[in-house]
Amino acid sequence: MLAQAEETGTLAVTAYPTEAESAGAWWADTREPCEGAPALASDRAGRLVVAAIGPEGGLSVTRQRVDQQGMALEAWLRF
């Protein structure tokens, strides 16, 4: 899993589900505002966790949904 701040100021994520980098990366824009580098981690259940700092300095966090397969994310929590 990879994440990046887009030139548009939003966060995008991608994954290599086939584990074959030669297949290329398909970036999905989350439309969540992001300043600087986002952070990725996994929680104790092994789900992906994504964190980003917004343009006003607030922290936004989401994680992988348990009710769907793949990399579907929950709604963003803003702190």
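## A walk through the sheet, the core and the salt bridges

At 29% relative accessibility, Arg65 counts as partly exposed. Select that residue to begin, and keep in mind that everything on this tour comes from a predicted model. Now add Asp67 to the selection: the side chains of Arg65 and Asp67 meet in a salt bridge, with N and O 2.6 Å apart. Asp67 is exposed, at a relative accessible area of 54%. Why does Asp67 count as exposed while Arg65 is partly exposed? The label "exposed" needs over 50%; Asp67 has 54%, and Arg65 has 29%.

**Stop 1: the open sheet**

Switch to cartoon and pick out β4, β5, β6 and β7. These four strands make an open sheet in just that order, with antiparallel pairing. β4 and β7 sit at the edges with a single partner strand each, so one side of each has no neighbour in the sheet.

Start with β4, residues 35-42, which runs antiparallel to β5 and is joined to β5 by five bridges. For a specific pair, select Leu40: its bridge partner in β5 is Val50. Then follow the chain round the hairpin between β4 and β5. There are five residues between these strands, and Gly46 takes a positive phi near 90 degrees.

Now step across to β6, residues 59-63. Five bridges join β5 to β6, and this pair is antiparallel too. Ala51 is a good residue to click here, as it stands opposite Val61 in β6. The β5-β6 hairpin has five residues between its strands, and Gly57 in the turn has a positive phi of about 90 degrees.

**Stop 2: two neighbours on β5**

Which strand holds Val49? Val49 is in β5. Show everything in contact with Val49, skipping residues up to four places away in sequence, and you get Ala39, Leu40, Ala41, Ser42, Asp43, Val61, Thr62 and Arg63. For a distance to display, try the C-alpha atoms of Val49 and Gln64: they are 6.5 Å apart, with their positions 15 residues apart along the chain.

Move on to Leu48 and repeat the contact search with the same kind of sequence filter. Among the residues that Leu48 touches are Met1, Met71 and Leu73, along with Leu40, Ala41 and Gln64.

**Stop 3: the core**

Keep Leu48 and add Leu11, Val13, Cys34, Val50, Ala52 and Trp76. These seven residues are the largest nonpolar core. Two elements, β2 (10-14) and β5 (48-53), give two or more residues to this core. Which element supplies the largest share? That would be β5, with three residues.

**Stop 4: a charged network**

Hide the core and select Asp43, Arg47, Arg63 and Glu74 as sticks. Salt bridges link these four into a network. Zoom in on Arg47 and Asp43, where the closest N and O atoms of the bridge are 3.2 Å apart. Are Arg47 and Asp43 buried or exposed? Both are buried. Six salt bridges turn up in the structure as a whole.

**Stop 5: a long-range bridge**

Next, select Glu32 and Arg78. Their side chains form a salt bridge at 2.6 Å, N to O. This pair ties together distant parts of the chain, 46 residues apart, with Glu32 in strand β3 (residues 28-33) and Arg78 in strand β7. Colour by accessibility and the two ends contrast: Glu32 is buried, at a relative accessible area of 3%, whereas Arg78 is exposed, at 58%.

While you're in this area of the sequence, click on Arg31, which also lies in β3. Phi of Arg31 is near 65 degrees, a positive value in a residue that is not glycine. Arg31 has 71% relative accessibility, so it counts as exposed, the cut-off being over 50%.

**Last stop: a nonpolar patch**

Finish with a surface view. Select Ile53, Leu59, Leu77 and Phe79, which form a nonpolar patch on the surface; together they have about 400 Å² of accessible area. Leu77 brings you back to the sheet: it is in strand β7, residues 77-78, and β7 is one of the edge strands from the start of the sheet tour.

Note on methods. Residues numbered from 1 in each chain as written. Predicted model: local features only at pLDDT ≥ 70, side-chain atom pairs only at ≥ 80, totals over all residues. Heavy atoms only, no water. Patch = residues over 30% accessible without salt bridge, like charges linked within 9 Å, V, L, I, M, F, W, Y side chains within 5 Å. Areas by Shrake-Rupley, 256 points an atom, 1.4 Å probe, with all protein chains shown as cover. Core = buried A, V, L, I, M, F, W, Y, C linked by side-chain atoms within 4.5 Å. Buried < 20%, exposed > 50% of the residue type's maximum accessible area, 1.4 Å probe, protein only. Contact = heavy atoms within 4.5 Å. Pairing = 2+ DSSP bridges.
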